[in-house]
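Work through the following exercises with the sequence and the 3D structure open beside you. Each task is followed by a solution that goes step by step.

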2 protein chains.
Amino acid sequence: MRDFSHDHRWLSINTATVRAQGDLSAIIEACKRHGIRGLAPWREQVAAIGLKRAAAEIRAGGFALSGYCRGGFLTSDAAHHAAAMDDNYRAVDEAAELQAPCLVLVVGSLPQFSRAGSTPSKDIAGARRQMEDNLALLLDYARRAGVPLAIEPLHPMYAADRACVNTLRHALDICDRLDPARSGSIGVALDVYHTWWDPELEAQIARAGPARLLAFHVCDWLVPTADLLNDRGMMGDGVIDIPRIRGWVEAQGFAGYAEVEIFSTAWWQRPLDEVLATCVARHKTSV
Amino acid sequence: MRDFSHDHRWLSINTATVRAQGDLSAIIEACKRHGIRGLAPWREQVAAIGLKRAAAEIRAGGFALSGYCRGGFLTSDAAHHAAAMDDNYRAVDEAAELQAPCLVLVVGSLPQFSRAGSTPSKDIAGARRQMEDNLALLLDYARRAGVPLAIEPLHPMYAADRACVNTLRHALDICDRLDPARSGSIGVALDVYHTWWDPELEAQIARAGPARLLAFHVCDWLVPTADLLNDRGMMGDGVIDIPRIRGWVEAQGFAGYAEVEIFSTAWWQRPLDEVLATCVARHKTSV
């Protein structure tokens, strides 16, 4: 297991962590000030400054990406299917332009929440079937573009409205069906926030192996958690034994970034430099 | 699958659903007015009017219990172990006095949240081991008292502070280890709120079979959910396909009550009779 205590060369900042404090250019400049060399930008932040400019600033800054956020929301009624797929094809194109190592997917769930205006349904099993069919289509496109797809299993509290893939086991089952050769074209983004509770986590990480582990995200689970969406904790402030999980991931050969992704009303209210300095400090002590 | 559309003879009210509107005596009287014949009382509500009086009123009202809430919180540091076990032994005694068909267990998780004052830990795997050891002790006691224990797998969003058993699979694994003979002394309380998201739910219900299915709880998952604890929905107001899950349970031979357990700040503010009338109506249309 790598020693993170002396430097932060394997720290990446998911730009949603500081999305309230500045645009992507401001975040890139701040990351330079803090010696951060990994980034995972979001589509809307890239669009806000323009794709070409974003790509140029990332390249000029010497950054590596740890992922591109995000594609997905693959479920819908028939009337919204084409738009959902087109949206995802554009996300793949952008990821290719940015030379991202993977496109992170929040796969969607019940159609009325996945694509607004879709006919409501309570059929989560049906959503799972449709999601997988559409993911197969997207994988064909992504393979041609050379962009690996990373399914992010989301915490079960998001099962209705954000992702019908809620365990690493389920994500890997899908990967095995769509890519039995383990080609590297599809895998998972493993976020400790979504998966720390799972009694099968260690075993499923071992099953994933290096071919499927495309990204590793960190933050912390607070007790109490005041909000389902925007009360994630800074690493070390919650109950997740992050180094233990990182140890399992690295035992499989994962040697990439620990990407900090914190959705937090509290942290969005603090200065950009304070948040990044805290991420750097906690990366050394609590990741 | 039983037809619930014409009457509500298989409706039970978990008394937490209306805990803000009156004491257990008031709830019992209100259930009589609405022709409800099943109840699942909570320990603190029983204690508030006295165990003997509670038992007498339940008996006089001709009620059957669908469970007794609750034992558990079996994890702690060493200094709090004896008190935790004693608390659970008392819960078993009370369940026996009330002739409850099972004692529902919220098993606890990290010790600092399970038993206040315990030394903090992030070791959920350790909590799981300790929980199972203590559950084995409790099972010995409960067997002698003739009280079946029902492990309630809680939603993973409660994994830190309430229960380290978060899937039906995990609960059944524990049952199989502690009671390989499937004697009926230990099983599960299956609540749709905690388990609806699980892609393995149908398969694990089939695995459980009638020997392990000791209780069936209903409410609904709202989108959005405003609070992790107290924003459960009335059946029909959310996204859970409750009849589908009840069908899986009844296909295994379960023929007991559908117990309504709703923790909801919104419903606690409505009149007792309105809440019960709504439960009766939704039992017929949405369970």
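**Exercise 1.** In this predicted model, find the loop of chain A that holds Gln99(A), and then decide what is notable about the phi angle of this residue.

Solution. Begin with the position: Gln99(A) sits in the loop that runs between α4 (81-97) and β5 (103-106) of chain A. Next, read the backbone angle, and you will find that phi of Gln99(A) is near 55 degrees, which is a positive value in a residue other than glycine. The value deserves a remark because most residues other than glycine have a negative phi.

**Exercise 2.** Describe the peptide bond between Val223(A) and Pro224(A), and do the corresponding for Val223(B) and Pro224(B).

Solution. In chain A, the bond that joins Val223(A) and Pro224(A) is cis, with omega at about -5 degrees, and Pro224(A) belongs to the loop between β8 (213-218) and α10 (242-251) of chain A. In chain B, the bond from Val223(B) to Pro224(B) is cis, with omega near -5 degrees, while Pro224(B) is placed in the loop between β8 (213-218) and α10 (242-251) of chain B. As a last step, recall the general background, which is that most peptide bonds are trans.

**Exercise 3.** Which residues does Asp161(A) contact, once its neighbours within four places in sequence are left aside?

Solution. First locate Asp161(A), which is found in the loop between β6 (149-151) and α7 of chain A. Then, leaving aside the neighbours within four places in sequence, list the contacts of Asp161(A), which are Phe73(A), Ser109(A), Phe113(A) and Val223(B). Finally, look at Ser76(A), which is 85 residues from Asp161(A) along the chain, although the C-alpha atoms of the two are separated by 12 Å.

**Exercise 4.** Describe how helices α7(A) and α9(A) pack, giving their angle and the distance between their axes.

Solution. Start with the geometry: α7(A) and helix α9 (residues 201-212) of chain A pack at an angle of about 35 degrees, with their axes 10 Å apart, and the crossing of the two is left-handed. Then identify the residues that make the contact, which on the side of α7(A) include Leu168(A), Leu172(A) and Cys175(A), and on the side of α9(A) include Leu201(A), Ile205(A) and Ala208(A). Sorted by class, the contact has six nonpolar, one polar and five charged residues.

**Exercise 5.** Describe the interface of chain A and chain B, beginning with how many residues of each chain are in contact.

Solution. Count the residues first: 35 residues of chain A are in contact with 35 residues of chain B. Turning to area, the two chains bury about 2,600 Å² between them, and 67% of it is on carbon and sulfur atoms. Of the area that chain A buries against chain B, Lys122(A), Trp197(A) and Leu228(A) supply 23%, more than any other three residues. Now examine the charged pairs, where the rule finds four salt bridges across the interface; Arg169(B) and Glu200(A) meet in a salt bridge of 3.4 Å, taken from N to O. The rule also finds six residue pairs in polar contact across the interface. Among the elements of chain A, α6 (124-145) and α7 (168-178) each give two or more residues to the side that touches chain B, and α6(A) gives the most, with three residues. To finish, divide the residues of this side of chain A by class, which yields 17 nonpolar, seven polar and eleven charged.

Note on methods: Residues are numbered from 1 along each chain as its sequence is written. Chains are lettered from A and ligands numbered from 1 in the order in which they are written. This is a predicted model: local features need pLDDT of at least 70, side-chain atom pairs count only at pLDDT 80 or more; totals for chains, interfaces and linings use all residues. Side-chain values use heavy atoms; hydrogens and water are left out. Contact means heavy atoms within 4.5 Å. Buried area is the accessible area (1.4 Å probe) that two parts lose on being put together, summed over both. A salt bridge is a side-chain nitrogen of Lys or Arg within 4 Å of a carboxyl oxygen of Asp or Glu. A polar contact is a pair of N or O atoms within 3.5 Å; within protein, one must be able to donate a hydrogen and the other to accept it, and residues adjacent in sequence count only if both atoms are side-chain atoms. Helices (H or I, at least four residues) and strands (E, at least two) are DSSP runs, numbered from the N terminus. Ala, Val, Leu, Ile, Met, Phe, Trp, Tyr, Cys and Pro count as nonpolar, Asp, Glu, Lys and Arg as charged, and the others, Gly among them, as polar. Axes are lines fitted to C-alpha atoms, for helices over the stretch in contact, and angles run from 0 to 180 degrees between N-to-C directions. A crossing is left-handed if the near helix is turned anticlockwise from the far one by less than a right angle, and right-handed if clockwise.
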